Amino acid sequence: EGPPMKVPCFPYVMSGLPRYKAAGPCGDRYEHYKAMPPSFVRSMVLYALNNQLGPQSSVMWRTGLIHAGDKGKRDAQNRRKARPIVVGLALRRIAERIPCAQMKDRFARVFTVARQLGVAVSSGVEAAWHTVMNGIDWFIANADGDVDSMPVAMQIDYSDGYTRASRPRLLRATQDIFPSLLRYQRACYAQPGRIIALNGGRIVKEWEDGVGVWQGGPLGNATFCLSIWDWMYALYCKLTPETALQPESHGGLEVSIVDDLSVVLRRRDVVEFSSWMLREAPRYGVNIALDKWYAYVPRHASESGAGLAPIARTLAAMGCKASHDGLPRLLGAPIGTPEFCVRTGGSLFSVVENTRKFVDQIGQLEHATAEYHMLRWCASAQLHHLPRLLPSRLISGFASTHRNIIHEGFKSVLLADTLTDFQRVQISLPEYEGGLSLVCAHDVMHAAYIGCSAAVARFYRKCQWPEASPLSEILRSR
């Protein structure tokens, strides 16, 4: 059963609970438990974490409401793609926040060794993206005229990873790696649960939940990664990333953000690895989503500019979308040639156009306070991720357009036909200086890129990866 879980972080977790979060299956919210005696809530959490709930409480603990999170994409039938988000009891979310807080450092250490940066790793997404970018640059710089030593960067996603996750594999990995979590994982996943779908406040469907893990809870990412731990270990043994940057190595760099896998290896090794991945992944309960499998094959100086190189054609025949220009959206940002990153219809272009449509819709609210908050907290943040990854020379034009769109949206808030220069400055000033505290990506893009690079450099220094030192040199040379 594993050692019992203690809850020294309980006061810290309760003091930091956010407000206005979704209600659980019985209508409970965080606010209800904050109003209860702390000792009572602490006892309930302790019972749950140590799998000591009564039969009826256990059934309710494994019951969740399913919500469809819009992915912002459409399928072949032009239907919106949705992400299944399961919302359990608010008390369950409180309980899961405690091991997240108490075990954060250990989560980060263990998963970082497995090249999994999506669980408890500070600046994990930025470190993963820069690792791919730095790896590509390193392989190109050290190819020394050898076409077969040129890099191939692959972006790989798992199909229905959470909903198909193996619970027996999860429990075995938890017992081996985090035994203090075993009791709680048994409370959640040793027995089938129940999922309820609502529409208009009414139950439209209800079914037994005996496969997969819940996506959306505080422990959701860690739980999923434990369910594919055997696969992550197999990938590590296959690619041996610690030897990837040695001259005669057949290894490759790998890094994951939960169910998004990125791999950089030499051309001479990519077909063999791809064949192995497609063959072995199902044995570990992992299904590769072929429609989300992309490869960036930088051209060698000796290759012509027309048509696909043989290696790219081979990958395309295997089901991969291979390109000599770049990856359209790796962890939220494009990777590739400058022309590819800033092309019309690309990732940056789409973000700006989506912001334009969103701001037009905000202007139809006809409620100044609501419009202001939507512009400040939602529309202005749609580009915030990109300046941390892409240099200003690539993003400045898009960031400037994005800022102008947001400012145009403020015409409705201020009841103005045009904005004066003074008003545009006042929009960006902090509240204590009489401004509206709107921060756009254009205002912080230089600081964001420098700060992100510093965070990645700090990660490389702490992670103890053998391959981190040459990657740091590439990062420093930019």
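This briefing covers the overall fold, two strand arrangements and one helix contact. The model is predicted. The protein has 21 helices and 11 strands. Its radius of gyration is 24 Å, close to the 23 Å from the globule rule for 478 residues, so the protein is as compact as a globular protein of that length.

**Overall dimensions and packing**

- The C-alpha trace spans about 70 × 60 × 45 Å along the principal axes of the protein.
- Of the 478 residues, 48% are buried.
- Many contacts link distant parts of the sequence: among those between residues at least 6 apart, 70% join residues at least 24 apart.

**The five-stranded sheet**

- Five strands make up an open sheet, and their order is β6-β7-β3-β8-β9.
- Pairing within this sheet is mixed.
- β6 (253–257) and β9 (321–323) are the edge strands, and each pairs on one side only.
- From one strand to the next, the twist averages 15°.
- Strand β8 covers residues 294–296 and pairs with β9 in the parallel sense, over three bridges.
- In this pairing, Y296 stands opposite S323 of β9.
- As a general point, side chains in a regular strand alternate between the two faces of the sheet.

**The β4–β5 hairpin**

- Strand β4 (residues 193–199) pairs with strand β5 (residues 202–209) in the antiparallel sense.
- Seven bridges hold this pairing on record.
- R194 stands opposite E208 in β5.
- β4 and β5 form a hairpin, with two residues between the strands.
- G200 lies in the turn and has a positive phi of about 65°.

**The α18–α19 contact**

- Helix α18 runs over residues 392–414, and helix α19 over residues 421–428.
- The two helix axes come within 11 Å and cross at roughly 95°.
- An angle of 65 to 115 degrees counts as roughly perpendicular, so α18 is roughly perpendicular to α19.
- On the α18 side, the contact uses H407, E408, F410 and L414.
- These residues meet Q423, R424, I427 and S428 in α19.
- By class, the contact of α18 with α19 has three nonpolar, three polar and two charged residues.
- The nonpolar residues are F410 and L414 in α18 and I427 in α19.
- The charged residues are E408 in α18 and R424 in α19.

Conventions:
Residues numbered from 1 in each chain as written. Predicted model: local features only at pLDDT ≥ 70, side-chain atom pairs only at ≥ 80, totals over all residues. Heavy atoms only, no water. Axes fitted to C-alpha atoms, helices over the stretch in contact; angles between N-to-C directions. Helix = DSSP H or I, 4+ residues; strand = E, 2+ residues; numbered from the N terminus. Parallel < 35°, antiparallel > 145°, perpendicular 65-115°, else oblique. Contact = heavy atoms within 4.5 Å. Pairing = 2+ DSSP bridges. Rg over C-alpha atoms; globule rule 2.2 N^0.38 Å. Buried < 20%, exposed > 50% of the residue type's maximum accessible area, 1.4 Å probe, protein only.
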